[in-house]
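Hello,

Here is the structure I promised to pass on to you. Have a look at it first, and then read my notes below.

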Amino acid sequence: MAKTWTPSSWQSFPAAQQPEWPDDALLQGALKQISSYPPLVFAGEARSLQTALGHVAAGNAFLLQAGDCAESFDDFSAVNIREKLRVILQMAVVLTYSLGVPVVKVGRMAGQFAKPRSSPFERVGDVDLPSFRGHIVNSEHPSAEARRPDPARLVQAYNQSASTLNLVRAFVKGGFADLNRVHAWTQEFVASSPEGQKYDQLASEIDRALRFMRACGVDTESNSQLHQVDFYTSHEALLLGYEEALTRQDSLTGAWYDCSAHMLWIGERTRQLDGAHIEFLRGVGNPLGCKIGPTTDADFVLELCQALNPSRIPGRITLIARMGANQVEDKLRPLLRAVRDADHPVVWACDPMHANTYTAVSGRKTRDFDQVCAEIGGFVRAHAAEGTWPGGIHVELTGDDVTECIGGADNILDSQLDDRYQTVCDPRLNGRQSLDLAFRTAGLISSSGLA
Ligand code: PEP
Ligand code: CO
């Protein structure tokens, strides 16, 4: 670790997973441009999220972090943003109602573009092409030209993040997220399904509760909490040049914030204690996440907490476990114990997606809905055994009727993956599977006696 942190001190540390930009002058030009642009989020908002996550860490709230694996430059529209928001709001209502605690809503949205890759090259036919690294870097099309990193994409990613955030802010504060509209969040393809009907029932109960409150004389009209929600953004802080360009000093406190999103996380492939990602993120005031894979040991987790949160601020760190359905319970328990015994006030979240990815017989990368639920089950059991709070879930989803993950209520088969396989990166849960997952998660936590 550098003695003195600055927004650029990460540059003297090894940075994993950075693209090989072919033209440094073009890269520096793009970063300079972005550093002159307005921040996307404000320090005060990041602090509000950290306070909300502090309640999660204390066991009094639940975190729902969800959205695309990789946002796409091609699939960028109001409808796409609205549908994703709609399914996240639905899931949040299910979790709030069933668990009886506030749900902190954080999108993998408005900046979730950059992708770490397990190999820098991909074999296509008989040539090795540079891997696709997300639309902020290159294009997924399999040609040498398309795969060349292009710094103009950094600016486009900033602009798309700004428009996405603008629409999200309008939706969540401008009436779309009004609790009086819970019924209207169900999409047509979900409405007739068993999950859709279960949701409709819950929405009717909420309607009845609101009517009851009004009948008792409670002024539900002027209570903004019933008509608006707080919705935060997050992404993996992978491209450190881009993150540095959006790092600004808060005029109120003098602290530095990465204003590209409210929350930033460190991926499984970039969490080296002596690496550039940890060096960069330790210095910004935003709440941080770190993915924790099956090779993680307790010493690492304690060193990580010490490096990123030496003052032990509740909600500053979210540890996102992605262990795999069949090993999460055993691998997680010693980590839960160590962090609990060291009194680090972290949020524990479960990413049930990334360690359950496999290639189906059809050749498509997929995830099995049952395995996704099984990982959440193991995560909850580990917490129940250690007396800690299973604070949240971190999932890749879309509101659309895609066929990317197999199983779920309409039992998508391997042979159906080709029907509507639209992701540019990892397979996502569709609208029905996402809603079903919210019910199951609530059920797993309730039945374990934790809520
Ligand atoms: C991701 O969240 O998209 C991701 C790449 O996860 P991980 O770092 O856990 O593999
Ligand atoms: Co992913």
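A good place to start is the aromatic rings: W5, W256 and F280 are joined into a cluster by ring pairs. Please keep in mind that this is a predicted model.

The count of aromatic pairs comes to six. One of them is formed by F171 and F176, whose ring centres are 4.8 Å apart with 50° between the planes, a tilted arrangement. Are these two residues buried or exposed? F171 counts as buried because its relative accessibility is 16%, under the 20% cut-off. F176 is buried too, with a relative accessible area of 11%. Another ring to look at is F300: R271 lies over its face, 4.8 Å from the ring centre.

F171 turns up again in the helix packing. Helix α3, residues 78-99, packs against helix α5, residues 152-173, at an angle of about 50°, and the axes are 10 Å apart. That angle makes α3 oblique to α5. On the α3 side, the contact is made by A78, I81, R82 and L85, while α5 brings in T164, L167, V168, F171 and V172. The crossing of α3 past α5 is right-handed.

Next, please find F113, which sits in the loop between β2 (103-108) and β3 (121-124). Its relative accessibility is 1%, so F113 counts as buried. Which residues does F113 touch, leaving aside neighbours within four places in sequence? Its contacts are A70, E71, S72 and F73, then R133, G134, H135 and I136, and finally A157, Q160 and S161. If you would like a sense of distance, the C-alpha atom of F113 is separated by 38 Å from that of G449, a residue 336 places away along the chain.

Last, a word on the backbone. Most residues other than glycine have a negative phi. Q17 has a positive value, with phi near 65°. Q17 is located in the segment before α1 (24-36), and a relative accessible area of 18% makes this residue buried. R312 also has a positive phi, near 55°. You will find R312 in the loop between α10 (298-308) and β10 (317-321). With 33% relative accessibility, R312 counts as partly exposed.

Happy exploring, and do write back with any questions.

Best wishes

Methods:
Residues numbered from 1 in each chain as written. Chains lettered and ligands numbered in written order. Predicted model: local features only at pLDDT ≥ 70, side-chain atom pairs only at ≥ 80, totals over all residues. Heavy atoms only, no water. Helix = DSSP H or I, 4+ residues; strand = E, 2+ residues; numbered from the N terminus. Buried < 20%, exposed > 50% of the residue type's maximum accessible area, 1.4 Å probe, protein only. Contact = heavy atoms within 4.5 Å. Phe/Tyr/Trp six-rings, centres within 6.5 Å; stacked < 30°, edge-to-face > 60°. Lys NZ or Arg CZ within 6 Å of the ring centre and 35° of its normal. Axes fitted to C-alpha atoms, helices over the stretch in contact; angles between N-to-C directions. Parallel < 35°, antiparallel > 145°, perpendicular 65-115°, else oblique. Left-handed = near helix turned anticlockwise from the far one by under 90°.
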